[in-house]
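Me: Please take a close look at the surroundings of the ligand in this model, and then follow the chain outward to whatever backbone features deserve attention. I would like one connected account rather than a list.

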Amino acid sequence: MAKITDIKSQSLQEVNQTQTVAELEEFRLKYFGKKGLVTSMLKGMGSLSPEERQVQGPAINALKTELLEAVESKKNELELSELNEKLKTEKIDITLPGRPEEPGKIHPISQTIDELVTLFGDMGFALAEGPNIEDDYHNFTALNIAEDHPARQEQDTFYMKEKKDGAPLVLRTHTSPVQIRTMMDKNPPHRIVSIGRVFRADYDITHTPMFHQIEGLLIDKNINMGHLKGCLIEFLETFFGVKDLPVRFRPSYFPFTEPSAEVDIGCSREDGDFKIGKGADWMEILGCGMVHPNVLRNCNLDPEEYQGFAFGMGVERIAMLKYGIPDLRTFYESDLRWLRHYGFRSLDIPCALNKTSGDA
Ligand code: DAH
């Protein structure tokens, strides 16, 4: 017993004399390590006689508890003083600039849509919307697209489960059905643009199964091809930020317009460098025409009384041309490095008309 009391007073003294956390750990190992003093006393209890064990057992356990408590409180004390010492000597340089978090960028498609809405808004066009899942009637029939037109063939169109009444449903293949919805919904005059997703079963460097189109429709009395040309030339010059941009209207065919035209803009492709503006080449940019009398009739309008023009173009295509983005598929790969490079700061005014390259 005397031995235990001695050990206790000596060890408590030792704990108090330790000066660092490392020294305290040395102490702990001396008493509580594998071959530590207290550890072997605990182990030795097994070989004591029951009488001895009755006396020594509680004393050894009490020693263990008291010592461990002393170690714990000394540890707290030492850690605190070591921390205080550190705080006194170590200086944090608060004059160093922080690392700014990079703000997000606006996707070139969103930016281009904002520009289109602003630009056509300035010309008096309101925004119209239609569903992505269309019925066959709005997507094809009402637009004067005959049963045997190739656009109806399955390789282009995503067909959905049909409606309850048996009417076929499709993922709209173009934004033109919004023309029909607009004319059926309200009385003329109409002056709308509609921007949204369209779907075609196609995938390569210039095609993705989902892309965006902008559709325009203007219906009023005494509307002629001159109005169509004036409106589109004005749009193209403003959108691409090129004054006197060469624009060419080429006769074409669409089932829903008559006459129909495809529009090209002048460009140059010298030494692999593509430039919009004057040059020897042409680049096709959109489809347009005077709304076909059959389409007007399908929407209960009298072609003798009302006429109008319509146009449609791919948003990705004009974004690629304006901002120099070479591969269509990259728009939808969600690669942050791509977005940081081609994206726009949110403070850029929506209609950054004079820009000709992406704002990195
Ligand atoms: N809907 C046509 C397409 O997807 C584009 C188009 C051409 C729309 C002529 C029009 C138009 O409104 O008049 O290819």
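Reply: The shell around the ligand divides into five nonpolar, eight polar and two charged residues, and it should be kept in mind throughout that this is a predicted model. Of the 15 residues around the ligand, those that come nearest are H174, S176, R200, Q213 and E215.

Turning to individual atom pairs, E215 places a polar side-chain atom 2.6 Å from an oxygen atom of the ligand, while a nitrogen atom of the ligand is 3.0 Å from an N or O atom in the side chain of S176. Q179 also takes part, with a polar side-chain atom that lies 3.1 Å from an oxygen atom of the ligand. As for cover, the ligand taken alone exposes 360 Å², and the protein buries 88% of that area. The elements that give two or more residues to this shell are the strands β6 (210–220), β10 (281–291) and β11 (307–314).

Strand β6 also leads to a backbone feature, since the loop between β6 and α8 is the place of N222. This residue, although not a glycine, has a positive phi of about 60°. Such a value deserves a second look because most residues other than glycine have a negative phi.

On the other side of that loop, helix α8 (residues 225–240) packs with helix α5 (residues 108–122) at an angle of about 135°, and the two axes are 11 Å apart. An angle over 145° would have counted as roughly antiparallel, and α5 and α8 are therefore oblique to each other. The crossing that α5 and α8 make is right-handed.

Two peptide bonds remain to be described, and they can be set against the general rule that most peptide bonds are trans. One is the cis bond that joins P188 and P189, where omega is about 10°; P189 itself lies in the loop between α7 (177–185) and β5 (190–199). The other runs from E258 to P259 and is likewise cis, with omega near -5°, but P259 has its place in strand β8 (residues 257–270).

Methods: Residues numbered from 1 in each chain as written. Predicted model: local features only at pLDDT ≥ 70, side-chain atom pairs only at ≥ 80, totals over all residues. Heavy atoms only, no water. Near = heavy atom within 4 Å. Polar contact = N/O pair within 3.5 Å; in protein donor to acceptor, adjacent residues only side chain to side chain. Areas by Shrake-Rupley, 256 points an atom, 1.4 Å probe, with all protein chains shown as cover. Helix = DSSP H or I, 4+ residues; strand = E, 2+ residues; numbered from the N terminus. Nonpolar A, V, L, I, M, F, W, Y, C, P; charged D, E, K, R; others polar. Axes fitted to C-alpha atoms, helices over the stretch in contact; angles between N-to-C directions. Parallel < 35°, antiparallel > 145°, perpendicular 65-115°, else oblique. Left-handed = near helix turned anticlockwise from the far one by under 90°.
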